[in-house]
2 protein chains.
Amino acid sequence: MDTGDVFDPECPTRVVLDRIGDKWSVLVLLSLDGGPMRFTELRGRIGGVTPKVLTQTLRSMEQDGLLTREVFAEVPPRVEYTLTDLGRSLHGPLSVVAGWAERNVHEILRCREKFS
Amino acid sequence: MDTGDVFDPECPTRVVLDRIGDKWSVLVLLSLDGGPMRFTELRGRIGGVTPKVLTQTLRSMEQDGLLTREVFAEVPPRVEYTLTDLGRSLHGPLSVVAGWAERNVHEILRCREKFS
DNA sequence: CCTGCACAGTATCCATCGGATACTGGTTAC
DNA sequence: GTAACCAGTATCCGATGGATACTGTGCAGG
């Protein structure tokens, strides 16, 4: 099976990198790993995201097959977002990166100060 | 040692996620893992990057302590970019993500088509 | 002499995108 | 009747990314 090449601008792997690279996509995916969540739950969990951007993020991730969107005909309305297998398979790689970020944030901030 | 929390918008871990999330930063870091490179080499290796954006990327990564920039007083000018220990420590996490991207690009494209 | 090339970038312009703020619509509980 | 709940839209603006073109230094070749 042939795989993509991230260094080739013609390779669609680039679009995958864009999605993965999106800060909000990463946070949505990490959040949903604990199980399905509703729109407002996600908004609460992921501090600082605006509804418009969250909607865009969720729609893109749905298109890419990372999650599913299920609407329940209830009142008040309920919409649940659930990771697909593909989405779950991305959790491992991303949590490795998130862990690195959490461990190294101090070091990076120290470096930045030296430049100011 | 306390670590950051990626879900807190006040936590500086967010800025780290932004950097990591940047497509070009990822590609620069993966490229430099093979050893120091010059500006033009990087441009060649990383298809599709414009010089302006590459410069911005390199300057940011330098500020964050991920790489060093060394200017040699030669003719023609030579500038070498080298990963720091911090930068090298990020290679593992990122290559895991890049590997995922290369392996799953087909699946994602298939999902996209179903939405068109 | 002076033209051209190598290298490492700047300069300029424009389209797109992210983010802030405000608003919608159906239902039901008070 | 009016306020709240939920899941979003609508609108506007500044920042950012990308395309294209240009700069400056110094040597090598004709």
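This briefing describes the pairing of two protein chains, their contacts with two DNA strands, and selected helix and side-chain contacts.

The model is a predicted one. Chain B superposes on chain A with an RMSD of 0.0 Å after a turn of 180° and a shift of 0.0 Å along the axis. This is the relation of a two-fold axis. DNA strand C has 20 residues around it, and 20 residues likewise surround DNA strand D.

**Relation between the chains**

- Two copies of a chain are related by a rotation about an axis and a shift along it. Here the turn that lays chain B on chain A is 180°, and the shift is 0.0 Å.
- That combination is the relation of a two-fold axis. In chain B, B:Gly21 has the C-alpha nearest the axis, at 1.9 Å from it.
- The copies meet through the same surface, because 100% of the interface residues of chain B are also interface residues in chain A.

**Surface near DNA strand C**

- Among the 20 residues around DNA strand C, those that come nearest are A:Trp24, A:Lys52, B:Arg69, B:Pro77 and B:Tyr81.
- Sugar or phosphate accounts for 76% of the atoms of DNA strand C within 4 Å of the protein, and the rest belong to bases.
- An N or O atom in the side chain of A:Trp24 is 2.7 Å from a phosphate oxygen of DNA strand C. The side chain of B:Thr40 also has an N or O atom 2.7 Å from a phosphate oxygen of this strand.
- A:Lys52 approaches a base instead: a polar atom of its side chain lies 2.2 Å from a base oxygen of DNA strand C.
- Two or more residues of this surface come from each of helix 2 (23-32) and helix 4 (51-63) of chain A, and from each of helix 3 (39-45), helix 4 (51-63) and strand 3 (78-83) of chain B.
- Helix 4 of chain B gives the most to the surface near DNA strand C, namely four residues.
- The surface near DNA strand C comprises nine nonpolar, four polar and seven charged residues.

**Surface near DNA strand D**

- The closest of the 20 residues that surround DNA strand D are A:Thr40, A:Arg69, A:Tyr81, B:Lys52 and B:Val75. Of the atoms of DNA strand D that come within 4 Å of the protein, 75% belong to sugar and phosphate.
- A polar side-chain atom of A:Tyr81 is 2.8 Å from a phosphate oxygen of DNA strand D. A polar backbone atom of A:Pro77 is 2.8 Å from a sugar or linking oxygen of DNA strand D.
- The side chain of B:Lys52 places a polar atom 2.2 Å from a base oxygen of DNA strand D.
- At least two residues of this surface are supplied by each of helix 3 (39-45), helix 4 and strand 3 (78-83) of chain A, and by each of helix 2 (23-32) and helix 4 of chain B.
- Helix 4 of chain A has the largest share of the surface near DNA strand D, with four residues.
- By class, the residues near DNA strand D are nine nonpolar, four polar and seven charged.

**Packing of helix 2 of chain A**

- Within chain A, helix 2 and helix 4 pack at an angle of about 75°, and their axes are 10 Å apart. These two helices of chain A are therefore roughly perpendicular to each other.
- Helix 2 of chain A contributes A:Trp24, A:Ser25, A:Val28 and A:Leu29 to this contact, and helix 4 of chain A contributes A:Val53, A:Leu54, A:Thr57, A:Leu58 and A:Met61. By class, the residues of this contact are seven nonpolar, two polar and no charged.
- Between the chains, the axes of helix 2 of chain A and helix 1 (residues 13-21) of chain B come within 9 Å and cross at roughly 115°. Helix 2 of chain A is thus roughly perpendicular to helix 1 of chain B.
- In this contact, A:Lys23, A:Trp24, A:Val26 and A:Leu27 of helix 2 of chain A meet B:Arg14, B:Leu17 and B:Asp18 of helix 1 of chain B. The contact has four nonpolar, no polar and three charged residues.

**Surroundings of B:Glu80**

- B:Glu80 is part of strand 3 of chain B. Its side chain makes a polar contact with the side chain of B:Arg78 (3.0 Å).
- Leaving aside residues up to four places away in sequence, B:Glu80 touches B:Pro36, B:Met37, B:Arg38, B:Thr68, B:Arg69, B:Glu70 and B:Phe72.
- B:Glu80 and B:Thr68 are 12 residues apart along the chain, and their C-alpha atoms are separated by 8.0 Å.

Definitions and conventions: Residues numbered from 1 in each chain as written. Chains lettered and ligands numbered in written order. Predicted model: local features only at pLDDT ≥ 70, side-chain atom pairs only at ≥ 80, totals over all residues. Heavy atoms only, no water. Least-squares fit on C-alpha atoms with pLDDT ≥ 70 in both. Contact = heavy atoms within 4.5 Å. Near = heavy atom within 4 Å. Polar contact = N/O pair within 3.5 Å; in protein donor to acceptor, adjacent residues only side chain to side chain. Nonpolar A, V, L, I, M, F, W, Y, C, P; charged D, E, K, R; others polar. Axes fitted to C-alpha atoms, helices over the stretch in contact; angles between N-to-C directions. Parallel < 35°, antiparallel > 145°, perpendicular 65-115°, else oblique.
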